[in-house]
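Visitor: I am new to reading protein models, and I would like a close look at the empty spaces inside this one. Could you take me through them slowly and with care?

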Amino acid sequence: MSVFKWTKENSWIDIFINLSLFLFLSSKTGVIKGSAMEYLSLAAFGLFLASKILKRGRMILTGQSVYYMIFSIYAVSSCLWAMNKSFSLEQIPSILALMIFLILLGNYADSYEQFLNVIHYTIINNIIVSFKILFLYYFYTGSPASRINEITGIYFNTVGQVLAFSILFSIYLYKLKNQKIYLLFCIPQFLAILFTESRKSIIIPVLGIIFIYLLEKRVMKRKTIYKFLVFVTVLLLLWIAVKSAGVEIFSESLKRRMEALIKSVTGQENDWSIYLRRFFINTGLNIFKEHPIYGIGVNNFAYYVKNFTDYTVARYSHNNYIEMLSCLGIIGFALYYWFYSSLMIKLIKNVIHNRTDSLFIIICSIMAVLMIMEWGVVSYTGCIYHIYIFFVYYTERHRLEIKQKEGGESYAEEISKI
């Protein structure tokens, strides 16, 4: 993979495009703090890439960018009927910026090597931020959330989720290239997730790995099972040794949060965080019942919660499905999730027909986890989140193109539908 080096095929303009994209992802993952680099690098990425598009003489519009463009037009239009226009206008720049970025990303990845650059840059930045967290965590005081924010400049839950999905991408690259270095990349990222104390982030890689093994037709080899048992035994012995020395591996706050989650799920007691999310869900469903077609305007869930409930604080719903239904109604929900659902259906069909294709199984598992986690995050303006969707979309298309070459015309029709 050529990253920033000069070759006959890789001109100075390509080097600056790659560098600006890398710096943009560095700012989005917390390697570089502050928004200045984010805006500057994105502007540079757009300008350098625009010159390449002009030289090429054509612009590429991927299925993802087209669908998000249609959704963006509707979301911006919702200002016309929004309950509070100022709340809607606050979110419009983020929606339009993401739309432009997805168009740029589709034009950047005009080859499989360029596509892999995006994934490599994402993982490399997450490795850097993982070590940044591990080395700097104890130089700060306060809660884990405040420490992570001081280190990365990003909300702790966001940092944890980005790291969590990066682990699944590392597993994909391990399967693709058969290089164990990608498995080693998982270790610092998972350790950094533990430092964030984000419960959902801990669940993401575990859930993804479970899906991968459930979808695979082949049963794990006996040798693999032995390796897994040895690994668990070593971890257990290490844990016992550390505990005997009087050292706490996990902080008390993480243990309390995990215990609260278990007790809430089992009905023993209500965790405040989960209780609040249930309140938001019920509020969002009530809004949807009153405004089922168009909703109350993009970003207006926060306005409604602040002004029409006892919560009195402007906060988003912490649930992308509820956010879409309450703010943009069934029309906005359908426009946004049509791409998700059609992509997921294609993936499931391919996995059903071939449960020995580990790469298809991994991207299907990643997509399933993404859709599950949207029950706990609002992602429709999340740049990194949509890079993950782009990853799934592009990988599926590329895999089908390979299968077309191997299997003839039977896959041509599937590719044309993407």
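Guide: What follows is a walk through the second largest pocket, then the enclosed space, and finally a few residues in the loops. Please keep in mind that this is a predicted model.

Let us start with the second largest pocket, which has a volume of about 1,200 Å³. Its lining is made of 42 residues, and those closest to its centre are Lys28, Thr158, Thr381, Gly382 and Cys383. The elements that give two or more residues to this lining are helix H1 (12-29), helix H2 (36-56), helix H4 (85-108), helix H7 (156-177) and helix H17 (383-407). Helix H4 gives the most, with six residues. Sorted by class, the lining of the second largest pocket holds 20 nonpolar, 16 polar and six charged residues.

We can now turn from the pocket to the cavity. A search of the whole structure finds one cavity of 30 Å³ or more, and the space in the largest cavity comes to about 80 Å³. The residues that line the largest cavity are Gln64, Tyr67, Tyr68, Phe71, Leu335, Tyr336, Phe339, Tyr340, His386 and Ile389. Helix H3 (63-77), helix H15 (320-353) and helix H17 each supply at least two residues of this lining. By class, the lining of the largest cavity has eight nonpolar and two polar residues, with no charged residue. Helix H17 thus has a part in both places, since H17 gives two or more residues to the lining of the second largest pocket and at least two to the lining of the largest cavity.

Next come the loops. Histidine 318 lies in the loop between helix H14 and helix H15, and its phi is near 60°, a positive value in a residue other than glycine. Histidine 318 counts as buried because its relative accessibility is 9%, and the cut-off for buried is under 20%. Glutamate 197, in the loop between helix H9 and helix H10 (199-215), also has a positive phi, of about 60°, although it is not a glycine. With 4% relative accessibility, glutamate 197 is likewise counted as buried. In helix H9 (residues 186-196), which comes before it, the buried residues include Cys186, Pro188, Ile193 and Thr196.

To end at the surface, tyrosine 294 lies in the loop between helix H13 (272-290) and helix H14 (300-308), and with 47% relative accessibility it counts as partly exposed. Together with Leu80, Trp81, Ile293 and Ile330, Tyr294 makes a nonpolar surface patch of about 510 Å².

Definitions and conventions: Residues are numbered from 1 along each chain as its sequence is written. This is a predicted model: local features need pLDDT of at least 70, side-chain atom pairs count only at pLDDT 80 or more; totals for chains, interfaces and linings use all residues. Side-chain values use heavy atoms; hydrogens and water are left out. Patches are made of residues with over 30% relative accessible area and no salt bridge: like charges are joined within 9 Å, nonpolar side chains (Val, Leu, Ile, Met, Phe, Trp, Tyr) within 5 Å. Accessible areas come from the Shrake-Rupley method with a 1.4 Å probe; for residues, only the protein chains shown count as cover. A salt bridge is a side-chain nitrogen of Lys or Arg within 4 Å of a carboxyl oxygen of Asp or Glu. Helices (H or I, at least four residues) and strands (E, at least two) are DSSP runs, numbered from the N terminus. Buried means under 20% relative accessible area, exposed over 50%, partly exposed in between (1.4 Å probe, protein chains only). On a 1 Å grid over the protein atoms alone, a cavity is a set of points where a 1.4 Å probe fits but cannot get out, and a pocket is an open set with protein on both sides within 12 Å along at least five of seven lines; lining residues have an atom within 4 Å of a point. Grid points are joined across faces, edges and corners, and a volume is the space filled by probe spheres set on the points. Ala, Val, Leu, Ile, Met, Phe, Trp, Tyr, Cys and Pro count as nonpolar, Asp, Glu, Lys and Arg as charged, and the others, Gly among them, as polar.
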